Amino acid sequence: MPAFRQVGEKQLPQEVIFMAWSPKRDLIALANKVGEVLLHRLANFQRVWSLPPSEGTGKEVTALAWRPDGKILAFGLADTKRVILCDVEKPESLHSFSVDAPITYMHWMEVTEENGILASFYNAEDESNLLLPKLPALPKNYSTTAKIFSEEKSDEIMKLMGDVRLNTLVLGGTAGFLEIYAYGMYKIATVAGVSGSCLALCLSSDLKSLSVITKVEASPESEADITYFQLDTSLLSTYLPEVTRMARKFTHISTLLQYIKLSLTCMCEAWEEILMQMDSRLTKFVQEKNTTTSVQDEFMQLLLWGRASPELQSLLMNQLTVKGLKKLGQSMESSYSSIQKLVISHLQSGSEALLYHLSELKGMASWKQKYESLGLDATGIEEAITAMGSFILKANELLQVIDSSMKNFKAFFRWLYVAMLRMSDDHVPPELNKMTQKDITFVADFLTEHFNEAPELYNRKGKYFNVERVGQYLKDEDDDLVSPPNTEGNQWFNFLQNSNHLKESPLLFPFYPQKSLHFVKRQMEGIIDQCLQKPADVIGKSVRLAFCMPLYKESKSEDSVPQLFKLPFLWNDKSSNLHYVLFTMWENSVSKIYILRRHTDISSSANNGLLAIDFGNSLNNSIIENLGTSFYSCLDAHFYDDETITVVLAENVEQEGKERILAQLPLSSIYTEENQESEFSWNSGQRLDEQCANIPTCTVTIEGQWRVLENMKAQYVAVNGIRKVSCVLSSNLRHVRVFEMDVEDDGEAEEEEEEETVQHVKAGQELDQSADNTDDCICIGSYSLTNETEEPESNLDT
């Protein structure tokens, strides 16, 4: 019976261009040509969720990568030059950032190096959690706020950061673009010196070596050069404990900046446009009234004499109305209370945590022996702390303005409500009818300060008044505040203004009385980003080119196919720190596998070699075997684990319905003692395809672990040796089959189970056909996120 058990098969409505198995769960991520990202479960290829393309994020997916713990999926978008980090549990963007070039490949790896210093750091990571209070979850009732921190009883920041152990997301793009992001979030290296568009890359698990394969096109008509580069990244390896600590701080700072941004978004949504109605109605009143009396005098007359002019009475009774005034007062109080709570509980909590981590980063930068080589600059961090302090000052100023506005508006609305009740001859409740001389003075001061007409304001904002003063702090504008805080008579402010020494003191945070909270936040973000950018430049400049080998020229005669599945894949042998590069080259219309074995230690020349793999037997009994003939071309190949390669093969013989084969190829059958003795000495001045005759060739036979892929023109494969699964994709990019690789299809139990699976697949396909006709659904049946998440969480880990 054939090896491997088929557990799913599906015809997809859109062409799949990328596949990536989760490293921890039986889940596979797909990206199709329309820009949709989908997550499918192994069993019957059920869809867990789909993330449709959008104008905001992008529509052209060019790369996929899983975080090593399988909880975050990253994908790159070429049209918007963005990288999105998505939650595995639900189709939501947890984090995103822009890059300078379209991403063509990404690799997410975890550092496996162990030492005592790192172990102590892992244990001490919870120090900040003991010292700082847990950030409160953002309220869920604000529509446009990202849901990243809004899940109750869950710390979304730690979920986004993942384990303390360092993991790095390496991005490769066009025009030699290479960047390394710690924890997939904060850039720690910008690498230069590599030309061309990245086809594949891999950072070794000990951080000593970065391998990259690129394609350089001199012109659209010429054949592209495929070249292998090996870069020395030993600075990251040498300073691994310091890099881990620094990267962890960077990521804390990045997530806290996002938390502050979302808190501010909630505050903007809590500030309703209804609070501007008083300003607009007063402006309309000025434009329509025929009298020369000012609005301030009109209200003063009502306050002092209890009589209103016909124009003011019409404004109050017809446009504002008693009911409208009451509603406006309630809305104002509710909005101000919500903003006040968000500032105190969220904005200030996030700011204090951010100040804590910046201060710790400053302490690390002061230890020059450890951190100066990584580019950590104490001066830049001091500037960031100063900017952070200015932001906290502005948040406190907003609290004072809210407190003052609430008190003023309550008194004003109470008086106006009673006045309007009297105008309409309604009953005035006794508790509202009492107004002391102090209350009258308070309302008079409010009218004097807020009800002055300002013609220059009309030219800027289209209104003469700025009665409501909280919203100006939440406007994302560069303009100065319309009504800045009144500092007249403030003794501390006057003392600072008259003291030249204190003005420039580093102990005092700068105060920007004319600027909004948004403006100060943007200024703070820019300074923090600038101070954290220097390590990425310094580490990037330390990376040097150690080895370069031109591989071959890409043939223009072949059909256009997605490069991810056609070109190289790299693998780290953790036990021996060897770097394997697996790629295919066409030779006389036959695609062969080549394995380049390089040591991650650039200075070591041991165990370096190159082997070509030939398939010397045929599974077709009608063909006479000739060991000197290659019977199969390799269409795709990936490392299944440290010891095995998974390949998709096609027969070379000219016949109708050439069979495609899925096979496992043990490395032990390739790296025999005889092959290890043969050494290939390449000429760096020539391309590898020009030296094919000198490359040692290992002829292997397909036996044991193989399966004929019947009725399928298979072309690509994605594998996961940890979960022991594979997914085969046809050449039309729409037909997939999923296999469990460690199970054979033999025995009555398996046959019965397969028969049930086939029936279920057929039933699912019938459901799919009806679903495809209605909403182009890809899943079997009508699985949705709600249905999936209603199951126990352990179902995701099956």
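How many bridges pair strand 22 and strand 23 in the antiparallel sense? The pairing of strand 22 with strand 23 (residues 644-651) runs over eight bridges. The model discussed here is predicted.

## A sheet of four strands

Strand 22 belongs to an open sheet of four strands, whose order is 22-23-24-26 and whose pairing is antiparallel. At the edges of this sheet are strand 22 (632-641) and strand 26 (706-708), each of which pairs on one side only. On average, neighbouring strands of the sheet are turned by 15 degrees against each other, direction ignored. One position shows the pairing of strands 22 and 23 at the level of residues: Ser633 stands opposite Ala650 in strand 23.

## Strand 3 and its partners

Strand 3 (27-32) pairs with strand 2 (16-21). This pairing is antiparallel and has five bridges. Within it, Met19 is opposite Leu30 of strand 3. A hairpin through five residues joins strand 2 to strand 3.

Strand 3 also pairs with strand 4 (residues 37-41), again in the antiparallel sense and over five bridges. Here the bridge partner of Ala29 is Leu39 in strand 4. The hairpin of strand 3 and strand 4 has four residues between the strands, and in it Gly35 has a positive phi near 95 degrees.

Is strand 3 enclosed or open to the outside? Six of its six residues are buried, so strand 3 is largely enclosed by the rest of the structure. Both of its faces are covered. On one side Leu27, Ala29 and Ala31 are buried, and on the other side Ile28, Leu30 and Asn32 are buried.

## Salt bridges

Side chains of opposite charge can pair when their charged atoms come close. The structure holds 18 salt bridges. The table gives three of them, including the N to O distance for each pair.

| Salt bridge | Distance, N to O |
|---|---|
| Arg25 and Glu89 | 3.3 Å |
| Glu360 and Lys249 | 2.6 Å |
| Lys592 and Asp614 | 3.8 Å |

Arg25 forms its salt bridge with Glu89. This pair links distant parts of the chain, 64 residues apart. Arg25 is in the loop between strand 2 and strand 3, while Glu89 is in the loop between strand 8 (82-87) and strand 9 (93-98). Arg25 has a relative accessible area of 8% and is therefore buried, the cut-off being under 20%.

Glu360 and Lys249 meet through their side chains. Glu360 lies in helix 9 (residues 322-366) and Lys249 in helix 5 (residues 240-270), with 111 residues from one to the other. The two ends of this salt bridge can be described by their accessibility. Glu360 is partly exposed, with a relative accessible area of 31%, whereas Lys249 is buried at 11%.

Lys592 is in strand 20 (residues 590-599) and its partner Asp614 is in strand 21 (residues 609-615), 22 residues apart. Lys592 and Asp614 are both buried.

## Helix 5

Helix 5, which contains Lys249, is mostly covered, with 26 of its 31 residues buried. What span should helix 5 have at 1.5 Å a residue? For its 31 residues the expected span is 45 Å, and the end C-alpha atoms are 45 Å apart, so the two values agree.

## Two loop residues with positive phi

Most residues other than glycine have a negative phi. Ala175 is not a glycine, yet its phi is positive, at about 55 degrees. Ala175 sits in the loop between strand 11 (167-173) and strand 12 (178-182). Its relative accessible area is 75%, so Ala175 counts as exposed, for which the cut-off is over 50%.

Leu733 is not a glycine either, and has a positive phi of about 65 degrees. Leu733 is located in the loop between strand 28 (725-730) and strand 29 (735-740). Is Leu733 buried or exposed? Its relative accessibility is 6%, so Leu733 counts as buried.

## A nonpolar patch

Leu393, Phe509 and Phe511 make up a nonpolar patch on the surface. Together these residues have about 230 Å² of accessible area. One of them, Phe511, is in the loop between helix 17 (500-503) and helix 18 (517-542). Phe511 is partly exposed, and its relative accessible area is 35%.

Terms used:
Residues numbered from 1 in each chain as written. Predicted model: local features only at pLDDT ≥ 70, side-chain atom pairs only at ≥ 80, totals over all residues. Heavy atoms only, no water. Salt bridge = Lys/Arg side-chain N within 4 Å of Asp/Glu carboxyl O. Buried < 20%, exposed > 50% of the residue type's maximum accessible area, 1.4 Å probe, protein only. Expected span 1.5 Å × (residues − 1). Patch = residues over 30% accessible without salt bridge, like charges linked within 9 Å, V, L, I, M, F, W, Y side chains within 5 Å. Areas by Shrake-Rupley, 256 points an atom, 1.4 Å probe, with all protein chains shown as cover. Pairing = 2+ DSSP bridges. Axes fitted to C-alpha atoms, helices over the stretch in contact; angles between N-to-C directions.
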